[in-house]
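Hi,

Here is the structure I promised to pass on. Have a look at it first, and my notes follow underneath.

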Amino acid sequence: MSVVNRLLKTALPLTPKFIVRFFAKRYVAGDSLEDAVNTVRRLMGEGCCATVDVLGEAVRNPELAAQAVAAYREVLATIIERKLDANISVKPTQMGLGIGEDLALSNLRQVVAEAARLGIFVRIDMEDATTTEATLRMYKALRQEFSNVGVVLQARLRRTLSDARNLGQEGTNVRLCKGIYLEPRAIAYEEPEIIRWAFVHALEALFSGKGYVAIATHDEWLIEQALALAEKMGVPKERFEFQMLLGVDPALRRIIVSAGHKLRVYVPFGSHWYPYSVRRLRENPNIIRAGLEAFFRR
Ligand code: FDA
């Protein structure tokens, strides 16, 4: 990473909110559900489907967790009313995991039950490693009651190959990603090349299992590896999809869609856009750099 990029990464948390918003708006559909609906409609016009995320995390007040449940109910009703090709993604700490696992599970159950009634799938996002065990426990508890729920594995974590084997055998619907949270070396790989290979190995374990796999990456090398692996292992197109984040590499999105693969875009919306945006910008400071260059060249 260049010195400029390193400086940008360090300075980001100190940057005023309005500047973060200026650079981050490409990653977020907008503040309102209507903004998300318009974005999903546009993506559907490009041959994609979506997973809608109500922005919010690290909730410390049960009232706020209840508001998040209500917001998801509204999203679910809107998906049906507006005939959107979309499911939803939910963060455990937004459901109250930071307050207590029982509360988070009870809130998640309400969301999953309502989604089940409407025939919509729910993805439980994976947050930092302090939440992994609880998230998998909650997923397993919900899976006993409902079939419309799946979880996420992060290739970065050393435990993931074993989780992928177990969940794959159980037929879980897994989203596999690299993992965005920086974790201690004792539990996570740090080198990008090792994370890439860990992704390939976890994917192989999932393909060997019985479940559906969502391959969430913008890394073209990994997409190529995934396609080669699927062909080698005889995994049909109907057993996997690709997933990408809103605002990241639309050209690659088009390439995947025109090759006939299912492509789902993660569409976050809402007023709690700041932590999500900071993570995205930290991941790719080139965006800030390109933005600043364009700004000063005007
Ligand atoms: P990598 O970071 O190497 O990026 C590959 C290329 O993509 C880069 O060269 C760059 O061109 C482009 N790119 C990547 N990120 C960019 C950005 N922010 N802005 C602009 N360009 C960018 N993580 C997690 O811990 N828990 C989760 O639940 C999820 N959920 C999730 C859902 C979906 C649909 C996606 C696509 C990703 C996630 N992630 C996630 C995030 C994931 O773990 C990872 O941090 C990002 O996808 C970036 O990793 P890549 O595999 O894309 O590779």
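Below is what I found, starting with the ligand site and then moving to one of the strands.

Keep in mind that this is a predicted model. The shell around the ligand has 24 residues, and Tyr 27, Gly 179, Thr 217, His 218 and Glu 283 come nearest. Sorted by class, that shell holds twelve nonpolar, six polar and six charged residues.

On the polar side, a ligand nitrogen is 2.6 Å from a side-chain N or O atom of Tyr 27, and a ligand nitrogen is also 3.1 Å from a side-chain N or O atom of Arg 175. For Thr 217, the partner is a ligand oxygen, 2.6 Å from an N or O atom in the side chain. The ligand on its own would expose 940 Å², of which the protein buries 82%.

Where does the ligand lie relative to the domains? Domain 1 (1-28 + 275-293) and domain 2 (30-272) both contribute residues to the shell, so the ligand lies between them. At least two shell residues each come from β4 (149-154), β5 (174-177), β7 (240-245) and α11 (274-283); β7 has the largest share, with three.

Now to strand β1 (residues 49-54), where six of six residues are buried. Cys 49, Thr 51 and Asp 53 sit on one side, with Ala 50, Val 52 and Val 54 on the other, and both faces are covered. β1 pairs in parallel with β8 (residues 263-269) over six bridges, with Arg 264 as the bridge partner of Cys 49. Four bridges link β1 to β2 (residues 86-90), also parallel, and there Thr 51 stands opposite Asn 87.

Cheers

Definitions and conventions. Residues are numbered from 1 along each chain as its sequence is written. This is a predicted model: local features need pLDDT of at least 70, side-chain atom pairs count only at pLDDT 80 or more; totals for chains, interfaces and linings use all residues. Side-chain values use heavy atoms; hydrogens and water are left out. A residue is near a molecule or strand if one of its heavy atoms lies within 4 Å of it. A polar contact is a pair of N or O atoms within 3.5 Å; within protein, one must be able to donate a hydrogen and the other to accept it, and residues adjacent in sequence count only if both atoms are side-chain atoms. Accessible areas come from the Shrake-Rupley method with a 1.4 Å probe; for residues, only the protein chains shown count as cover. Ala, Val, Leu, Ile, Met, Phe, Trp, Tyr, Cys and Pro count as nonpolar, Asp, Glu, Lys and Arg as charged, and the others, Gly among them, as polar. Domain bounds come from an automatic or database domain assignment. Buried means under 20% relative accessible area, exposed over 50%, partly exposed in between (1.4 Å probe, protein chains only). Two strands pair if DSSP finds at least two bridges between them.
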